[in-house]
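Colleague: Before I rely on any of the labels, I would like to hear what stands behind each of them. Could we look at the model together and set the values against the definitions?

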Amino acid sequence: MSGVRAPSVLRAAKAVRLPLAERPGAAAEARAVTARFLADVTDRELVRDAVLLVSELVGNAQRHTAGPGALLLVRGDGALRIEVSDPSRRAPVPRAPYTDNGSGGLGLHLVERLSLRWGWRPLGPGKTVWCELRVPP
């Protein structure tokens, strides 16, 4: 994934926004909110994938920026859109997993593998990293 891609348009049937800035336990809370948001989805593997992707995106914002700003989940038209904002304008760049230092590098590879598509866009002084999954309508 390189550069900025325009986000798709989802006619939202449901949406939830969770502010994450300066919240202890932000990743855990984001995972719990995602699981509750998808409680009616019978495909538990899909729910696990969505929770994992939220965890990765929030974790990346915590590790590589001054912290996540907010999580936005939008569900409609058979898709789930996950967005995590952060205060950095730096583009997310997938790294080679398990490089010389022996850790990290899997987050964006997981996002790329598990989602239909993903990308990022500038947002105010920072950016939003997003991905989409197919979910039952």
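Colleague: Which residue forms a salt bridge with Glu83 at 3.2 Å between the closest N and O atoms, and what makes the pair a salt bridge?

Modeller: The partner is Arg121, whose closest N and O atoms to Glu83 are 3.2 Å apart. The term requires a side-chain nitrogen of Lys or Arg within 4 Å of a carboxyl oxygen of Asp or Glu, and 3.2 Å meets that cut-off, so the pair is called a salt bridge. It also links distant parts of the chain, for Glu83 is in strand 3 and Arg121 in strand 4, 38 residues apart; strands here are DSSP runs of E with at least two residues, helices are runs of H or I with at least four, and both are numbered from the N terminus.

Modeller: This is a predicted model, in which local features need pLDDT of at least 70 and side-chain atom pairs count only at pLDDT 80 or more, while totals for chains, interfaces and linings use all residues. Residues are numbered from 1 along each chain as its sequence is written, and side-chain values use heavy atoms, with hydrogens and water left out.

Colleague: Which other residue forms a salt bridge with Glu83, and how far apart are the closest N and O atoms?

Modeller: That residue is Arg81, with 2.7 Å between the closest N and O atoms. Both Glu83 and Arg121 also belong to a network of salt bridges that links them with Arg81, Arg117 and Glu132, and the structure as a whole holds six salt bridges.

Colleague: Why is Glu83 called buried or exposed?

Modeller: The relative accessible area of Glu83 is 11%. Buried means under 20%, exposed over 50% and partly exposed in between, with a 1.4 Å probe and protein chains only, so Glu83 at 11% counts as buried. Its partner Arg81 is buried as well, with a relative accessible area of 3%.

Colleague: What makes Asp86 and Lys127 a salt bridge, and which parts does the pair tie together?

Modeller: Their side chains meet at 2.9 Å, N to O, which satisfies the salt-bridge limit given above. Asp86 lies in strand 3 and Lys127 in strand 5, so the pair ties together parts that are 41 residues apart in sequence. Both residues are buried, and for Lys127 that label rests on a relative accessibility of 4%.

Colleague: Which polar contacts does the side chain of Lys127 make, and why are they called that?

Modeller: One is with the side chain of Asp86, at 2.9 Å, and the backbone oxygen of Ser88 lies 3.2 Å from a polar atom of the Lys127 side chain. A polar contact is a pair of N or O atoms within 3.5 Å; within protein, one must be able to donate a hydrogen and the other to accept it, and residues adjacent in sequence count only if both atoms are side-chain atoms. Counting contacts of any kind, that is, heavy atoms within 4.5 Å, and leaving aside neighbours within four places in sequence, Lys127 touches residues including Thr65, Val84, Arg90 and Trp120.

Colleague: How do you know that strand 5 is paired, and with which strands?

Modeller: Two strands pair if DSSP finds at least two bridges between them. Eight bridges join strand 3 to strand 5, and seven join strand 4 (residues 117-123) to strand 5, so both pairs pass the test of at least two. Strand 5 runs antiparallel to strand 3 and to strand 4. Within strand 5, Trp130 is the bridge partner of Glu83 and Thr128 that of Arg121. In the hairpin of strands 4 and 5, with two residues between the strands, Gly124 takes a positive phi near 55°.

Colleague: What makes strand 5 mostly covered?

Modeller: Of the nine residues in strand 5 (residues 126-134), eight are buried.

Colleague: Why is Leu114 called partly exposed, whereas Trp120 counts as buried?

Modeller: Leu114, in helix 3 (residues 107-114), has a relative accessible area of 27%, which falls between the limits of 20% and 50%, so partly exposed is the right label. Trp120, in strand 4, is at 10% relative accessibility and therefore counts as buried.
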